[in-house]
Amino acid sequence: MGYGIKSYVLRAGRMSDAQRRSYETLAEGFIVPFAPEPVDLRRIFGNENPVTLEIGFGMGIATAMIAEDNPQKNYLGVEVHRPGIGRLLWEIEKRSVSNIRIIEYDAVEVLEKMIKPSSLAAFHIFFPDPWPKKRHHKRRLITRPFTDMLAEKLCPGGYVSMVTDWADYGDWALAELGATAGLKNRYAGFAEKQSWRPETKFERKGLLKQHEVRELFFVKEE
Ligand SMILES: C[S@@+](CC[C@H](N)C(=O)[O-])C[C@H]1O[C@@H](n2cnc3c(N)ncnc32)[C@H](O)[C@@H]1O
């Protein structure tokens, strides 16, 4: 089924020497190549622990911190920006975490082709590109029918945690997730700040610009 969302533009972004070194030495152990067929999550992590998929981890520092805090869970980060992937690999080595794997590819296709229904414990989507101009709204990730696919891939009781510093994207996402069959808002509207979630780089940038952060938390019905 093609979802037809092109939610990113590949930024050129130079890799630092450290990011390049981490990429060259650690990619083999932690990057799972894209393939248009279901991936065996137990095989890539080497255990049966629940898997959270993060879309667009950026520099991945929050990803590494969350994984370090939760060694009994697995984290699959999907990102297209190679310098960020190098940075997350560097964090993985620095923190000696073994519960992260990375797919360097468009998350829309990864979900469509590689992830089986009811196989994920959670989605983390922190500060997705806001695409503020009206003519770009179609590039927003948190839009049906893409959100229907999020619901389909979650196991019962699994959750979607999304945060944005664009008020209008927050309102949009609340409506789209609210209208997604199988998902239920854990809160009456926006969620409270989730204590387990560290501040991300884009969050810091948004707060410096006095943006208001809107947090959403939806759960897959049992
Ligand atoms: C605004 S940044 C936020 C990064 C990070 N989560 C943070 O809060 O600092 C959005 C990130 O999502 C990535 N991204 C956007 N669409 C994507 C897609 N379809 N698949 C994978 N990554 C994507 C971009 O490359 C970018 O790094």
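This is a short tour of the ligand site, the pocket around it and a separate cavity in a predicted model.

**Stop 1: the ligand and its neighbours**

Start by selecting the ligand and showing the residues around it. You should find 19 of them, and the ones that come nearest are Ser7, Glu79, Ala107, Phe126 and Thr200. Colour that shell by class and you get nine nonpolar, five polar and five charged residues. Now switch on the cartoon: strand 2 (74-79) and helix 8 (201-208) each put at least two residues into the shell.

**Stop 2: the polar contacts**

Zoom in on Glu79. An N or O atom of the Glu79 side chain is 2.5 Å from an oxygen atom of the ligand. Next, pick Asp106, where a polar side-chain atom lies 2.8 Å from a ligand nitrogen. Then click on Ala107 and turn on its backbone, since what you want here is a backbone N or O atom, 2.8 Å from a nitrogen atom of the ligand. How much of the ligand does the protein bury? Taken alone, the ligand exposes 600 Å², and 96% of that is buried by the protein.

**Stop 3: the largest pocket**

Zoom out a little and show the pocket surface. The ligand sits in the largest pocket, which has a volume of about 770 Å³. There are 35 lining residues, and those closest to the pocket centre are Arg11, Gly56, Gly58, Glu79 and Asp129. You've already met Glu79 as a polar contact of the ligand.

For the secondary structure, select strand 1 (51-55), helix 3 (61-69), strand 2, strand 4 (120-126) and helix 8; these are the elements that give two or more residues to the lining of this pocket. Which of them gives the most? That's helix 8, with four residues. Colour the pocket lining by class and you'll see 20 nonpolar, six polar and nine charged residues.

**Stop 4: the cavity**

Last, hide the ligand and look for enclosed space. The count comes to one cavity of 30 Å³ or more, and the largest cavity holds about 30 Å³ of space. To find it, select Thr52, Glu54, Thr63, Tyr75, Leu76 and His124, which line it. Strand 1 and strand 2 are the elements that give two or more residues to this lining. By class, the cavity lining has two nonpolar, three polar and one charged residues.

Keep strand 2 highlighted as you finish: strand 2 is among the elements lining the largest pocket, and strand 2 also helps line the cavity.

Note on methods: Residues numbered from 1 in each chain as written. Predicted model: local features only at pLDDT ≥ 70, side-chain atom pairs only at ≥ 80, totals over all residues. Heavy atoms only, no water. Near = heavy atom within 4 Å. Polar contact = N/O pair within 3.5 Å; in protein donor to acceptor, adjacent residues only side chain to side chain. Areas by Shrake-Rupley, 256 points an atom, 1.4 Å probe, with all protein chains shown as cover. 1 Å grid on protein atoms, 1.4 Å probe; cavity = no way out; pocket = protein on both sides within 12 Å on 5 of 7 lines; lining within 4 Å. Sits in = over half its atoms within 2 Å of the grid points. Nonpolar A, V, L, I, M, F, W, Y, C, P; charged D, E, K, R; others polar. Points joined across faces, edges and corners; volume = space filled by probe spheres on them.
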